[in-house]
Amino acid sequence: MLKILITDGMEKTSLERLKKMNFHVVEQHCDIDTLKEEIKKFHVLVVRSATKVTKDVIDEAMKTKNLKLIIRAGVGLDNIDIEYAKLRGITVKNTPNASNTSVAELVIGHMFNIARFLHNSNITMRRGEWNKKKYQGIEIEGKTLGIIGFGRVGRELARKASALGMKIKFYDIVGPIANDERYRYCDLDQLLSTSDFVSLHVPHNQGDEALIGRKEISKMKDGAYLINCARGGVVDEEALIEALNSGKLAGAAVDVFVEEPTLNDVLCNHDKVSVTPHIGASTREAQRKIGDEVNKIILDFWKEREIDDRTETI
Ligand code: NAD
């Protein structure tokens, strides 16, 4: 029987459906030592972003050679040593299409927050303050949104933001991939120097330098806003704090952090920053779609491999 270990939780309906397929499904949060032990017993590992599937974990799995498939229930694969997994014959899949809408909506929410001080008002009114004059914001209609990384989330954001009357510019490492006259392609420097809001939607590999550091921020418009709902390492957090303190940037929104859970209290408590704890895909709809995609991957895998109970080693 196919044995599946789910370490970072899974949407309930999809989980129940998976169990009804007569697979042996175990949902268990594992610390690194437990994972190294448990992984030997399973054919499939399903993780979100919390579980780190390192070379050491894969080496432990190879002691029984049961593990054949790792599924990242989500988009970013930066918590999995993909190259090493592939080298050891383990397939790695993710669910790339499930969360575009949810992430794009979160960016829009953050944009309104920082443009209209919603995050500050929520905190200060609860303390009994009435900062009507202090919280004069800006409209986002007519402003330029610069999108860096024009993949699934970037394009979905462009669609929604243009419906709000924003002008869209984008930069992508592969060039002008969008064939839509509403969106203008430009290089990174042009995008930075002409956008009122800059939103990041690129992947990040561990060890890579931050795409947005001091130099890039210095090229941004004075009083612009920076939004990161992609990956923590894409933005240099110290450089961001400096730019907020100096007034170079008017505000920022951050859903993802270099370290998660973050210990960066200065960033989290900064009154120019709207923060969320990596909840880009945390909606009922996205989790259901992710669950559906995970189940489909497992079923396809099951059909392909036709694992024979009689030859199992467990
Ligand atoms: P995608 O692969 O569809 O698009 C990424 C785009 O970025 C591609 O078009 C690629 O060419 C481009 N790109 C890569 N490196 C670049 C660079 N250095 N400069 C400019 N462009 C570059 O990915 P996606 O599904 O749109 O996801 C985008 C990011 O959002 C990923 O980092 C993903 O992990 C993250 N994400 C975050 C959450 C969350 O919970 N906050 C949820 C889903 C996705």
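**Exercise 1. Ligand contacts**

Which residue has a polar backbone atom 3.1 Å from a nitrogen atom of the ligand? Work through the polar contacts of the ligand, then its cover.

*Solution.*

Step 1. The model is predicted: local features need pLDDT of at least 70, side-chain atom pairs count only at pLDDT 80 or more, and totals for chains, interfaces and linings use all residues. Residues are numbered from 1 along each chain as its sequence is written, and side-chain values use heavy atoms, with hydrogens and water left out.

Step 2. The residue is Ile173. A polar contact here is a pair of N or O atoms within 3.5 Å.

Step 3. Turn to side chains. Asp255 places a polar side-chain atom 2.9 Å from a ligand nitrogen atom. His278 has a polar side-chain atom 3.3 Å from an oxygen atom of the ligand.

Step 4. Now the cover. On its own, the ligand has 860 Å² of accessible area (Shrake-Rupley method, 1.4 Å probe). The protein covers 85% of that.

**Exercise 2. The shell**

Describe the residues around the ligand.

*Solution.*

Step 1. The shell holds 24 residues, each with a heavy atom within 4 Å of the ligand. Those that come nearest are Arg152, Val153, Asp172, Val202 and Asp255.

Step 2. Sort by class. There are 13 nonpolar, seven polar and four charged residues. Gly counts as polar in this scheme.

**Exercise 3. Two domains**

Locate the domains and describe their interface.

*Solution.*

Step 1. Domain 1 spans 3-96 + 284-313, and domain 2 spans 100-275. These bounds come from an automatic or database domain assignment. Their centres, over C-alpha atoms, are 33 Å apart.

Step 2. Six residues from domain 1 and six residues from domain 2 make the contact (heavy atoms within 4.5 Å).

Step 3. The buried area is about 500 Å² (1.4 Å probe, summed over both parts). Carbon and sulfur atoms give 34% of it. Asp78, Pro96 and Ala286 supply 71% of the area that domain 1 buries against domain 2.

Step 4. Count the salt bridges (side-chain nitrogen of Lys or Arg within 4 Å of a carboxyl oxygen of Asp or Glu). There is one between the domains. Arg231 and Asp78 meet in a salt bridge at 3.0 Å, N to O.

Definitions and conventions. Polar contact = N/O pair within 3.5 Å; in protein donor to acceptor, adjacent residues only side chain to side chain. Buried area = accessible area lost by both parts, 1.4 Å probe.
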